[in-house]
Amino acid sequence: SADERKPFSAIKTEGMGVREDGKADWFTTRATLSFIKQENLWYAACPTCNKKVIALPDSPMGRCDKCEKTVEPAFRYIVAVTAIDNTTTQWLTLFQDVAQGLLGMDAKDLSARQEGDPTFLPNLCKQICFKPYVIRVRVREESVMDEKRVKCVVQRMEPVNFVTESMLLLREIARYEGR
């Protein structure tokens, strides 16, 4: 099925993301968020193309090389987290919409809250971590400075609905019993 459940260990055992056609592999898993990297959670982005802008000295403006113009940057999330399942721990990247859903506010608001109260972000991360989530992951090999790495990007992340999960497990058990 398109929403096939797999553990994180399948990334290595099945060679996910490493394809000759360069396409991504996708899977869904149930895992517990164990760590949110609290440094560099967001970046200054071009409001037109979302690429990182270069800060201009003594100015709130930035330079977008792709659009070739000076812009007032928007703050966009790029959040690194670790999640654990019953097989292993996996680093995952969450971009704008998924990260905003997890953190409950946009990057500009989070930046302002953190500036006003340095304990805000650590406390928020404590509230979010160590809870189970159903996570849809895109796995693809990328080259960064001539080094190939398999990157895992979260496409969807929602708290576990225990009724739905229980029904899924009962269906799996029934498959084994009804052979």
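Here are some short exercises, each with a worked solution, on the predicted model above.

A little housekeeping before the start. Residues are numbered from 1 along each chain as its sequence is written, and side-chain values use heavy atoms, with hydrogens and water left out. Because the model is predicted, local features need pLDDT of at least 70 and side-chain atom pairs count only at pLDDT 80 or more, while totals for chains, interfaces and linings use all residues.

**Exercise 1. Get an overview of the protein chain.**

Step 1: Count the elements. Helices (H or I, at least four residues) and strands (E, at least two) are DSSP runs, numbered from the N terminus. The tally for the protein chain is five helices and nine strands.

Step 2: Read their order. Along the sequence you get α-β-β-β-β-β-β-β-α-α-α-β-β-α.

Step 3: Box it in. Taken along the principal axes, the C-alpha atoms fill roughly 70 × 45 × 25 Å.

Step 4: Check burial. Buried means under 20% relative accessible area, exposed over 50%, and partly exposed in between (1.4 Å probe, protein chains only). Of the 179 residues, 35% are buried.

**Exercise 2. Work out how β8, β9 and β7 fit together.**

Step 1: Recall the general idea. Strands of a sheet pair through backbone hydrogen bonds, either parallel or antiparallel. Here, two strands pair if DSSP finds at least two bridges between them.

Step 2: Take β8 (residues 132-144) and β9. They pair in the antiparallel sense over 12 bridges. Within this pairing, Y133 stands opposite P159 in β9.

Step 3: Look at the turn. β8 and β9 form a hairpin with two residues between them, and M145 in that turn has a positive phi of about 50°.

Step 4: Add β7. Two bridges join β7 to β9 (residues 147-159), and this pair runs parallel. L94 stands opposite V154 in β9.

**Exercise 3. Find the edges of the open sheet.**

Step 1: Write down the order. Three strands form the sheet as β3-β4-β5, with antiparallel pairing.

Step 2: Pick out the edges. β3 (54-55) and β5 (69-71) each pair on one side only, so they are the edge strands.

Step 3: Zoom in on one pairing. β3 and β4 (residues 62-64) are joined by two bridges, and I54 stands opposite R63 in β4.

**Exercise 4. Which partners does D85 have?**

Step 1: Place it. D85 sits in the loop between β6 (74-84) and β7 (89-95).

Step 2: Try for a salt bridge, meaning a side-chain nitrogen of Lys or Arg within 4 Å of a carboxyl oxygen of Asp or Glu. For opposite charges, Lys and Arg count as positive and Asp and Glu as negative; His and the chain ends are not counted. D85 is buried yet has no salt bridge, and the nearest side chain of opposite charge, R30, is 9.3 Å away.

Step 3: Try polar contacts. A polar contact is a pair of N or O atoms within 3.5 Å; within protein, one must be able to donate a hydrogen and the other to accept it, and residues adjacent in sequence count only if both atoms are side-chain atoms. The side chains of D85 and T87 are joined by one of 2.7 Å. The D85 side chain also reaches the backbone nitrogen of T88 at 3.0 Å.

Step 4: List the other neighbours. Contact means heavy atoms within 4.5 Å. Leaving aside residues within four places in sequence, D85 is in contact with P7, F8, T29, R30 and A31.

**Exercise 5. Check helix α5 and its start.**

Step 1: Test the length. The expected span is 1.5 Å times one less than the number of residues. For the 16 residues of α5 (residues 162-177) that gives 22 Å, and the end C-alpha atoms are 22 Å apart, which agrees.

Step 2: Look at the cap. N161 lies in the loop between β9 and α5. N161 caps the N-terminal end of α5, with a side-chain oxygen 3.0 Å from the backbone nitrogen of V163. The N161 side chain also reaches the backbone nitrogen of T164 at 3.1 Å.

Step 3: Spot a salt bridge inside the helix. R175 and E172 form one, with the closest N and O atoms 3.0 Å apart. Both lie in α5, three residues apart, about one turn of the helix. R175 is exposed at 54% relative accessible area, whereas E172 is partly exposed at 32%.
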